[in-house]
Amino acid sequence: MTYYNGDGVTQDYAEAAKWYRKAAEQGDASAQNNLAKMYYNGFGVIQDNIYAHMWANIAASLGNENGKIGRDLVALKMSAKDISEAQRLARECVAKNYKGC
């Protein structure tokens with residue numbers, strides 16, 4: 001959260017997204033949820049509801065309550081087709097142990 005909030009460093013969303021991704025790829029559900037928020041808001045990454053849903057869904061599957069909330073909120077802005085795609089990507093990501101998602 002250092003780069004996200006600018007705690008002791010210049011606020012840098014792209015750098016925050018990079019570090020959240022590294023932690024997300026190691027299975028950190030909080031980082032997965034934070035990365036979902038980055039995608040939802042377009043902070044440091046190109047805004048993408050499909051990837052926001054995917055990462056929030058993965059976080060939720062690991063018991064992250066905020067991931068469940070975020071997944072359900074972003075789903076309200078998505079078509080059924082996009083939700084299905086996000087779910088497919090989440091399954092693939094889990095199968096790859098979160099690497100390269």
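I take helices as DSSP runs of at least four residues, numbered from the N terminus. The model I consulted is predicted.

**Entry 1: Cys101**

I looked up where Cys101 sits and found it in the segment after helix H6 (80–95). Is Cys101 buried or exposed? I recorded a relative accessibility of 16% for Cys101, and because buried means under 20%, I entered Cys101 as buried. I then listed the contacts of Cys101, leaving aside neighbours within four places in sequence: Arg21, Tyr51, Met54, Trp55, Cys93 and Lys96. I also checked Cys101 against Lys81; the two are 20 residues apart in sequence, and their C-alpha atoms are 19 Å apart in space.

**Entry 2: H2 and H3**

I next examined helix H2 (residues 13–24) and helix H3 (residues 29–41), whose axes come within 8 Å and cross at roughly 145 degrees. I noted the crossing of H2 and H3 as left-handed. On the H2 side I listed Tyr13, Ala16, Ala17, Tyr20, Arg21, Ala23 and Ala24, which meet Ala31, Gln32, Asn34, Leu35, Met38 and Tyr39 in H3. I classed the residues of this contact as 10 nonpolar, 2 polar and 1 charged. Arg21, listed here in H2, is also among the contacts of Cys101.

**Entry 3: The largest pocket**

I looked up the largest pocket and noted a volume of about 170 Å³. I found 13 residues in its lining, with Lys37, Tyr40, Gly70, Arg71 and Leu73 nearest the centre. The elements giving two or more residues to this lining are H3, helix H4 (49–61) and helix H5 (65–75). I divided the lining of the largest pocket into 6 nonpolar, 5 polar and 2 charged residues.

Methods. Residues are numbered from 1 along each chain as its sequence is written. This is a predicted model: local features need pLDDT of at least 70, side-chain atom pairs count only at pLDDT 80 or more; totals for chains, interfaces and linings use all residues. Side-chain values use heavy atoms; hydrogens and water are left out. Axes are lines fitted to C-alpha atoms, for helices over the stretch in contact, and angles run from 0 to 180 degrees between N-to-C directions. A crossing is left-handed if the near helix is turned anticlockwise from the far one by less than a right angle, and right-handed if clockwise. Contact means heavy atoms within 4.5 Å. Ala, Val, Leu, Ile, Met, Phe, Trp, Tyr, Cys and Pro count as nonpolar, Asp, Glu, Lys and Arg as charged, and the others, Gly among them, as polar. Buried means under 20% relative accessible area, exposed over 50%, partly exposed in between (1.4 Å probe, protein chains only). On a 1 Å grid over the protein atoms alone, a cavity is a set of points where a 1.4 Å probe fits but cannot get out, and a pocket is an open set with protein on both sides within 12 Å along at least five of seven lines; lining residues have an atom within 4 Å of a point. Grid points are joined across faces, edges and corners, and a volume is the space filled by probe spheres set on the points.
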